[in-house]
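This report describes the fold of a single protein chain for a reader at the bench. The sequence and the structure appear first, and the description follows.

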Amino acid sequence: MPLFKITVKTAKNSNGVRLEKGMSVDVVSNSFNNPVTTNGGQVVVDAFHRIYGIDIKKAGALSTVYLDVQRIG
């Protein structure tokens, strides 16, 4: 199961949710595909909620435009 590091590329303030550049989470995926685009990005949404208490989907930032995805392992 691959490990991915998801990092916010640019600061964003939308719908009452503030994202800062550099915020990052690590997620384990059952798929080797990009976790932001797989299954609606739910593992990424859950990780940001668990670590930072924010809803990245509500902020409209669940996209590779705002998120950098790196496969770690």
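**Strand pairing**

Two strands are said to pair if DSSP finds at least two bridges between them. The model discussed here is predicted. In it, Ile6 has Val69 in E5 as its bridge partner. Another bridge to E5 links Val8 with Leu67. Strand E1, which covers residues 3-8, pairs with E5 in the antiparallel sense, over five bridges.

E1 is also joined to E4 by five bridges, and these two strands run antiparallel. Among the bridged residues, Lys5 has Asp26 in E4 as its partner, and Leu3 has Val28 in E4.

**Overall composition**

The chain contains one helix and five strands. Read from the N terminus, the elements follow the order β-β-β-β-α-β.

Along the principal axes, the C-alpha atoms fill a box of roughly 35 × 20 × 20 Å. For a chain of 73 residues, a compact globule would have a radius of gyration near 11 Å, and the value of 11 Å for this chain agrees. Of the 73 residues, 36% count as buried. The accessible surface comes to about 4,300 Å², and carbon and sulfur atoms account for 48% of that area. Among contacts between residues at least 6 apart in sequence, 59% join residues at least 24 apart.

**The sheet and the helix**

Three strands form an open sheet in the order E4-E1-E5, and their pairing is antiparallel. Strands E4 (24-28) and E5 (67-71) stand at the edges; each has a single partner strand, so one side of each is left without a neighbour in the sheet. From one strand to the next, the twist averages 25°. Helix H1, residues 42-52, packs on this sheet and touches E1, E4 and E5. The direction of H1 makes about 130° with that of E4.

In a regular strand the side chains alternate between the two faces of the sheet. E4 shows such alternation: Val25 and Val27 point to one face and are buried. Ser24, Asp26 and Val28 point to the other face and are not buried.

**The nonpolar core**

The largest nonpolar core has 18 residues, of which Ile6, Leu19, Phe48, Ile56 and Leu67 touch the most other members. E1, strand E3 (17-19), E4 and H1 each supply at least two residues of this core. H1 gives the largest share, namely four residues.

Leu67 illustrates how separate parts of the chain meet. Leaving aside its neighbours within four places in sequence, Leu67 is in contact with Ile6, Thr7, Val8, Lys9, Val36, Val44, Phe48, Ile56, Ala61 and Leu62. Two of these contacts, Ile6 and Phe48, are also listed with Leu67 among the core residues that touch the most other members. Val8, a further contact of Leu67, is the residue bridged to Leu67 in the pairing with E5.

**Exposed asparagines in the loops**

Which loop positions depart from the usual backbone geometry? Most residues other than glycine have a negative phi. Asn15, although not a glycine, has a positive phi of about 55°. Asn15 lies in the loop between strand E2 (12-14) and E3. Its relative accessibility is 53%, and Asn15 therefore counts as exposed, the cut-off being over 50%.

Asn39 also has a positive phi, near 55°, and is a residue other than glycine. Asn39 sits in the loop between E4 and H1, and with a relative accessible area of 70% it is exposed. The loop between E4 and H1 also holds Asn30. Asn30 counts as exposed because its relative accessibility is 71%. Although Asn30 and Leu3 are 27 residues apart in sequence, their C-alpha atoms are 9.3 Å apart in space. Leu3, for its part, is bridged to Val28 of E4.

Conventions. Residues numbered from 1 in each chain as written. Predicted model: local features only at pLDDT ≥ 70, side-chain atom pairs only at ≥ 80, totals over all residues. Heavy atoms only, no water. Axes fitted to C-alpha atoms, helices over the stretch in contact; angles between N-to-C directions. Contact = heavy atoms within 4.5 Å. Core = buried A, V, L, I, M, F, W, Y, C linked by side-chain atoms within 4.5 Å. Buried < 20%, exposed > 50% of the residue type's maximum accessible area, 1.4 Å probe, protein only. Rg over C-alpha atoms; globule rule 2.2 N^0.38 Å. Areas by Shrake-Rupley, 256 points an atom, 1.4 Å probe, with all protein chains shown as cover.
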